[in-house]
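Thanks for coming. I will go through one structure today, starting in the middle and working outwards. Please have a look at it first.

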Amino acid sequence: MEKSSETLQFELLPYKTAPKKQLPTAGVKGDVGHFGPVVVERCPIHRPLRKGMDDARLSGPAFPEAIFTGKRRSGRPSLFKAELSLDGRRAELEFNSRALRKQDRALRIRYEGREYVYGIEDLGRVRALTREGVRVSIGPGRHVPPATTYSAGTATGPVDAVDLAIAILLEEVDTDVLTLTGAALSSPFALMQRFSDGAE
């Protein structure tokens, strides 16, 4: 698998489409250095047949197909009832929304012998995915008037397409629960989910 040993910087551009006779899509896209183009898409409208679930999909010639599925929240899939797969192989996800310390609230991902930690830094402005020797961080980038703001990514260490795919895919997932404020605001939501789960 192709790797990058130098610091890699990239930009992600938010986009929306509204084609006729098809569902609209939204997400981010960009070129990730020598890994080339990548697109993450999700459907921004509520789909009743999905029973409250939603997903985001990442694709690109050099990347594994990655799909994140979770309970819909804020127009995106969330970490509740979440599943992550890359090229059809399931990753294990674990997080504790009730933890008080930031490092204890982080999302832990295990995939093919790798162990990742994904957390929110810099007062919620930066999202970072780390594993031993590798770090991919994504935060606010340049602003292009009138209303376009890019996300700026930086990858360090021997990063490969799997590392980048997970970090970029999570940009289209509601991860607010990983922050203390988000966890507090999510408590009523989590309670409602519990009631709705019991009703199904």
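How many of the 9 residues of H2 are buried? The count is 9 of the 9, so this helix is largely enclosed by the rest of the structure. Before going further: this is a predicted model, so every value I quote is computed from it.

The overall picture, briefly. The protein chain has 3 helices and 15 strands. Of its 200 residues, 46% are buried. Taking contacts between residues at least 6 apart in sequence, 45% join residues at least 24 apart.

Back to H2. The buried residues there are Ala161, Val162, Asp163, Leu164, Ala165, Ile166, Ala167, Ile168 and Leu169. At the N-terminal end, Asp160 acts as the cap, with a side-chain oxygen 3.1 Å from the backbone nitrogen of Val162.

Now the core. Nonpolar side chains tend to be buried together in soluble globular proteins. The largest nonpolar core here has 42 residues, and the ones that touch the most other members are Val32, Leu58, Phe63, Ile109, Leu164 and Ile168. Which element gives this core its largest share? That is H2, with 8 residues.

Take Ile109 as an example from that group. Setting aside neighbours within four places in sequence, Ile109 is in contact with several residues, among them Leu84, Leu93, Tyr116 and Leu129. The list also includes Ile166 and Leu170, and it has charged side chains in it too, including Arg114.

That brings me to the charges. Side chains of opposite charge can pair when their charged atoms come close. How many salt bridges does a search of the whole structure find? The search finds 13, and I will show three.

The first one on my list is Asp163 with Arg114, where the closest N and O atoms are 2.9 Å apart. Asp163 belongs to helix H2 and Arg114 to strand E11, residues 114–121, so this bridge links distant parts of the chain, 49 residues apart. Asp163 has a relative accessible area of 0%, which is why it counts as buried. The bridge is also part of something wider: salt bridges that share partners join Arg114, Arg131, Asp160 and Asp163 into one network. Asp160 is the residue I mentioned as the cap of H2.

Next, Arg73 and Asp174, with 3.1 Å between the closest N and O atoms. Arg73 sits in strand E6 and Asp174 in the loop between helix H2 (161–169) and helix H3 (180–199), so the bridge ties together parts that are 101 residues apart in sequence. Arg73 and Asp174 are both buried.

The loop between H2 and H3 also holds Glu172, while Arg76 is in strand E7, so their pair ties together parts 96 residues apart in sequence. The side chains of Glu172 and Arg76 meet in a salt bridge at 3.8 Å, N to O. Are these two partners buried or partly exposed? Glu172 is buried, at a relative accessible area of 4%, whereas Arg76, at 25%, is partly exposed.

Two charges also sit over rings. Arg142 lies over the face of Tyr150, 4.1 Å from the ring centre. The charged end of Lys29 is over the ring of Tyr15, 5.3 Å from its centre.

Last topic, the aromatic pairs. A search of the whole structure finds 2 of them. In one, the ring centres of Phe35 and Phe63 are 6.1 Å apart and the planes are at 40°, so the pair is tilted. Phe35 is in the loop between strands E3 (25–31) and E4 (37–42), and Phe63 in the loop between strands E5 (53–59) and E6 (66–73), so the pair ties together parts 28 residues apart in sequence. Phe35 is buried at 3% relative accessibility, and Phe63 is buried at 8%.

The other pair is Phe80 and Phe95, edge-to-face, 6.3 Å centre to centre with 80° between the planes. Phe80 is in the loop between strands E7 (76–77) and E8 (83–86), and Phe95 in the loop between strand E9 (89–94) and helix H1 (102–105), so this pair ties together parts 15 residues apart in sequence. Phe80, at 16%, is buried, while Phe95, at 25% relative accessibility, counts as partly exposed.

That is the end of my tour.

Technical notes: Residues numbered from 1 in each chain as written. Predicted model: local features only at pLDDT ≥ 70, side-chain atom pairs only at ≥ 80, totals over all residues. Heavy atoms only, no water. Phe/Tyr/Trp six-rings, centres within 6.5 Å; stacked < 30°, edge-to-face > 60°. Helix = DSSP H or I, 4+ residues; strand = E, 2+ residues; numbered from the N terminus. Buried < 20%, exposed > 50% of the residue type's maximum accessible area, 1.4 Å probe, protein only. Lys NZ or Arg CZ within 6 Å of the ring centre and 35° of its normal. Salt bridge = Lys/Arg side-chain N within 4 Å of Asp/Glu carboxyl O. Core = buried A, V, L, I, M, F, W, Y, C linked by side-chain atoms within 4.5 Å. Contact = heavy atoms within 4.5 Å. Polar contact = N/O pair within 3.5 Å; in protein donor to acceptor, adjacent residues only side chain to side chain.
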